[in-house]
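Thanks, everyone. I will take a few minutes on two helices and on the empty space in this model. Please have a look at it first.

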Amino acid sequence: MGIERKEQGTTRQSILQLLRRHGQMTALELSESLCIGAVGVRQHLATLERDGLVEIVGLRRNVGRPSHLYMLTSEAEGRFPKRYDRIALDLINYMAEVGGAPAIDSLLDRRRTIMNRDLRPRLSNKNRCEQVAMLTDILIEQGYMCEYEQLEDGSFTLTEYNCPIDCIARRYPQICGQERLLYEDLIGVAITCESTIAQGSHCCRYHIPA
């Protein structure tokens, strides 16, 4: 059973790779490329469609019955390696060389201002517990492996087990300070940062007053 699941996973990954390479393909074209039956391919496509990784985008009209055209969804893009971290770090390094620390501070201040403007409506008119819950959801959407806990005194602990900008934060730890300031802007209260991944901890942890 374990081998069968592995083979199914490999086939679905191959389908994703073919769609990534060719853009749009029919089940028959995928079947011919993978050398497996069209019925089996359609079963895999149905699973990938259910999981939100592929979608039907039209019909290809050849001789005979029209065939559905499949392509990747935006969700599937996360299955392919990205190196945004490298180019982002290179750009920040260049900015530091040209403008020094003030340029980096200005960039991070600008980033915090924009994020505060975009995210604030999602936390407005909510009590503290609802704000912390919404902030946690926002961070999860952005790639943080995040959770929160309400303590006996009514305060909260917000914990991030993954930092999507870790490689940059290790080089420019002021980003961690900007993250804390953003959370304070959104929730409207002073927050204490107890640990960060960039400083060697296994998580970033914040304490939010009741």
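I will go through helix H5, then helix H3, then the cavities and the largest pocket.

Some ground rules. This is a predicted model, where local features need pLDDT of at least 70, side-chain atom pairs count only at pLDDT 80 or more, and totals for chains, interfaces and linings use all residues. Residues are numbered from 1 along each chain as its sequence is written, and side-chain values use heavy atoms, with hydrogens and water left out.

Helices (H or I, at least four residues) and strands (E, at least two) are DSSP runs, numbered from the N terminus. H5 covers residues 128-141, 14 in number. The expected span of a helix is 1.5 Å times one less than its number of residues. For H5 that should be 20 Å, and the end C-alpha atoms are 20 Å apart, which agrees.

Which residues of H5 are buried, meaning under 20% relative accessible area with a 1.4 Å probe, protein chains only? They are Gln131, Val132, Leu135, Thr136, Ile138 and Leu139. Their arc, taken from the directions from the helix axis to the C-beta atoms, is only 160°, which puts them on the same side of H5. In general, an α-helix has 3.6 residues a turn, so residues three or four places apart point the same way. What covers the buried residues of H5, by heavy atoms within 4.5 Å, includes helices H4 (84-123) and H7 (174-187) and strands E3 (146-150), E4 (156-160) and E6 (204-208). Just after H5, Gly143 takes a positive phi of about 105°.

Now H3, residues 38-50. Its 13 residues reach 18 Å from first C-alpha to last, close to the 18 Å expected. Its buried residues are Ala38, Val41, His44, Leu45, Thr47 and Leu48. Just after H3, Gly52 has a positive phi of about 80°.

Last, the empty space. On a 1 Å grid over the protein atoms alone, a cavity is a set of points where a 1.4 Å probe fits but cannot get out; a pocket is an open set with protein on both sides within 12 Å along at least five of seven lines; lining residues have an atom within 4 Å of a point.

There are two cavities of 30 Å³ or more. The largest holds about 70 Å³, and H7 gives the most to its lining, with three residues.

The largest pocket holds about 390 Å³. Of its 16 lining residues, Tyr84, Asp85, Pro164, Ile165 and Ile168 lie nearest the centre. H4 gives the most to that lining, with seven residues.

Conventions:
Buried < 20%, exposed > 50% of the residue type's maximum accessible area, 1.4 Å probe, protein only. Points joined across faces, edges and corners; volume = space filled by probe spheres on them.
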